[in-house]
Each structure stands twice: as structure tokens, then as C-alpha cells.
Amino acid sequence: MSFTPERPPLHGETLDSLTARLATAGVPAYRARQVLEWTYKRRAAGWEAMTSLPRALRAALAEMFDFDPTTLLLNRESADVTDKLLLELRDRLLIETVIIRAPQEGVGLDHSRKTICLSTQVGCAMGCRFCASGLAGLKRHLSAGEIVHQLLQVCRREDARTPRARSELASFDNIVVMGMGEPLHNYDELLRALTIVNAPWGLGFGARRITVSTSGLVPQIRRLAAEPLGFRLAISLHGATNEVREQIMPINRRWPLEELLPAVREFSDRHGRMVTLEFILIEDINDSLDQAAKLGGIAAGLHAHVNLIPYNTVAGLPWRRPSLTRQQRFLDVLEQRGVSVTLRREKGHDIDAACGQLRLQTEQARAAAATQP
Ligand code: SF4
């Protein structure tokens, strides 16, 4: 379920692994730091731009590593709050990286909170019934380099928007790993990627501003709890009882709530962090007041924050978004119980359910073009 490219992406190398690889070619260790500095801090456009490296070394590096494991196919800016980058991988598969701008009161969109949403797989094996990304199953895992390179594509895009002031990744408030794929199903590559994103020799982005989202892989949640880097955790709950959750999330049969919730507790106890429970509100599936009350009980027991996300319609799927009145009633039940809760109210294309649709549309257009005489 992984892809072996001709040359590995440079962006999957840690300082240690790059130093070791260069050492086999007789290159001194300090060069590894220089290469990473050019890549992440100075954001060189390619090997040729790394002018402090000898020409012969640049040529050798170009033979050893891929500097551009993803190619930007489409930069779809929306009038509302969500921009999408459609990226092509070396094997022509497609992924999406999303930028979400949450406007702050009294300031324009350019001063809003900005979050980057990363993909970790092409497709997904979890088969959540409401999700466009899971429709065609898992094609493959992304490598660490492909995960990290999504952020460099975002930086390049930002640089193009603000050419005079090169925008640092630090201008983003958060990174959420909740795009296409189940991140914890690709655990090792994910952890390697996030180590690179976090490291001072990498992108230097604080672990506390990185949220890993999972549909509920219990052993991997426990493994993540034991990691020294304190990432945040979000659980795609979407059902407050096994009966409801199972209808829309097959993973619940493998890891039902009585197994999932203790693992979530272990994570929050170890890291002293509030976990977020994501809950997509789907009409007549999980939006009853009984579900709200049970969700309130779960959240209170875990001291978790609840993020309610009204469902966005996905072409070909039967689910609907509840009315504003039903959304508000659901919210009221949680608030009355003193639960920390937010209800996403912004208009436009929300990242969760709609995520993966741009990729699907492009793949369908490609398939149609391939069958044309
Ligand atoms: S919601 Fe997430 S875990 Fe579920 S199928 Fe979609 S991408 Fe996979």
C-alpha cells in the first residue's frame, strides 16, 4: 500500500537520516544542516538555488533525492473560508490540501485564523459512510516526504500571494491532520512527517498547534499517547452510542465506544490536553436530543471539547444536513450540561464531509477523457 519512487523525497529525511545518507557519499555532516536550511527556512525553489553548496554536491543531491514529490495542479480559492490545493503525486494519484480561514470579529479574511489541513493517504480504508474520501477505498499511504511537501506547497502559494514579505509557516495558527485518509493507519510515516514539521531544523511548527484526527484506531491512539511530542488529538465520534456510530462508521465494530473512550482518556491524562470530539450532524441519523444528551455525558466524562459540524452534502450520498433549528437544539442540550462546545456556522464548503470531492471530480474527468475515442 505504498509507492516506491525512483528517488525518495528529500522532505522525508530527518537531520539524522540525511546526515547518514550524505556520509555514505563522503559528504561532511554540516552539509545536511545546510540542505535542510535551504529547504525549510530559505525555501529554495530547487537544488540550483542552494548556492552555498558546491555545484558537484547539488548535482549529486539531485540524483539522490526528489525535490518536488508533489505538483500543484489546481489552486482553488473560494469566496468564503476554504481554499483547496489539488496536488499530483509522482504516480499521478491526486490528493488535496486545504487552507481554512476562520474570520475574526471586525477584521478581514487576510487577518483571520488560518489552518492547514493535510492528507495522509490516497483514499481511505475506513469506509465512513458519509465521506467522499472513503468512497473508493484506500489506494495507498503517503510517504512522510509527501505529507511534508504539502506544507511547502502551501508556503509557495502564500509567497506568491504576498511576494514582498515571504510568509512563514508560523503565520498559520494550526495544522490539522484530518484531510484525506486515516492518519493513524499510516502511523510511522505520519510520525516521521510530524517530527520534520516540528523540528527546529525542519519547519519548526509547534506540536501544540498540530492536531491529529482519527476515526478511532485504539492501539494507535495508545501509541500516540506514549509519544514524547505533545500533539493534540481529535476523535471523529459522529455517534454517541455504538448503535448510531456503527451505522455510519464501520470502524466502530472493531473498536466500539467501550474500547475507544478509555484510550482517549489515556491520551488526555498523559498529555494534560483537552481532546476534541468531532461530531458531524446528519439529519435523522445522529441529530436527536437523545444523542446530544449522551454526547454531553461522554464529553463531560472526558473533559473534552465538542466540535459540531453540520453535514455538507456529498454527491451520490443520501445524507442531509439538519435544519438550523435542530442544530441549535442539539447545541443547547450540550451547553445546558456545561460542555465546552462549538457549532460551525460558516457558510460554504466545509472541509470534513466535502473533503476529497475536488480529487474525485478530477479523477472522474480524467477517466472520461481516457475513454474518449
Ligand atoms: S471520514 Fe476520515 S476516516 Fe472516515 S473514510 Fe473519510 S477520510 Fe477515512
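Two strands pair if DSSP finds at least two bridges between them. Helices (H or I, at least four residues) and strands (E, at least two) are DSSP runs, numbered from the N terminus.

This is a predicted model: local features need pLDDT of at least 70, side-chain atom pairs count only at pLDDT 80 or more, and totals for chains, interfaces and linings use all residues. Residues are numbered from 1 along each chain as its sequence is written, and side-chain values use heavy atoms, with hydrogens and water left out.

**Strands.** Select residues 210–214, strand 8. Strand 8 runs parallel to strand 7, joined by 3 bridges. V177 has V212 as its bridge partner in strand 8. Now show residues 187–198, helix 5: the chain passes through this helix from strand 7 to strand 8, a right-handed β-α-β crossover (with the strands pointing away from the viewer, the path from the first strand over the helix to the second runs clockwise). Add strand 4, residues 113–117. Strand 4 pairs in parallel with strand 7, residues 174–177, over 3 bridges. Here I116 is bridged to I175.

**Ligand.** Select the residues around the ligand (a heavy atom within 4 Å). They are C124, M126, G127, C128, C131, S133, G134, G181 and S215. Which classes make up this shell? There are 4 nonpolar, 5 polar and no charged residues (nonpolar: Ala, Val, Leu, Ile, Met, Phe, Trp, Tyr, Cys and Pro; charged: Asp, Glu, Lys and Arg; polar: the others, Gly among them).

**Core.** Select F130, L277, L295 and L308. In the largest nonpolar core, of 109 residues, these touch the most other members. Such a core is a set of buried Ala, Val, Leu, Ile, Met, Phe, Trp, Tyr and Cys residues joined through side-chain atoms within 4.5 Å; buried means under 20% relative accessible area (1.4 Å probe, protein chains only). Finish at V98, C117, V176 and A234, which belong to a second, separate core of 6 residues.

Note on methods
Buried < 20%, exposed > 50% of the residue type's maximum accessible area, 1.4 Å probe, protein only.
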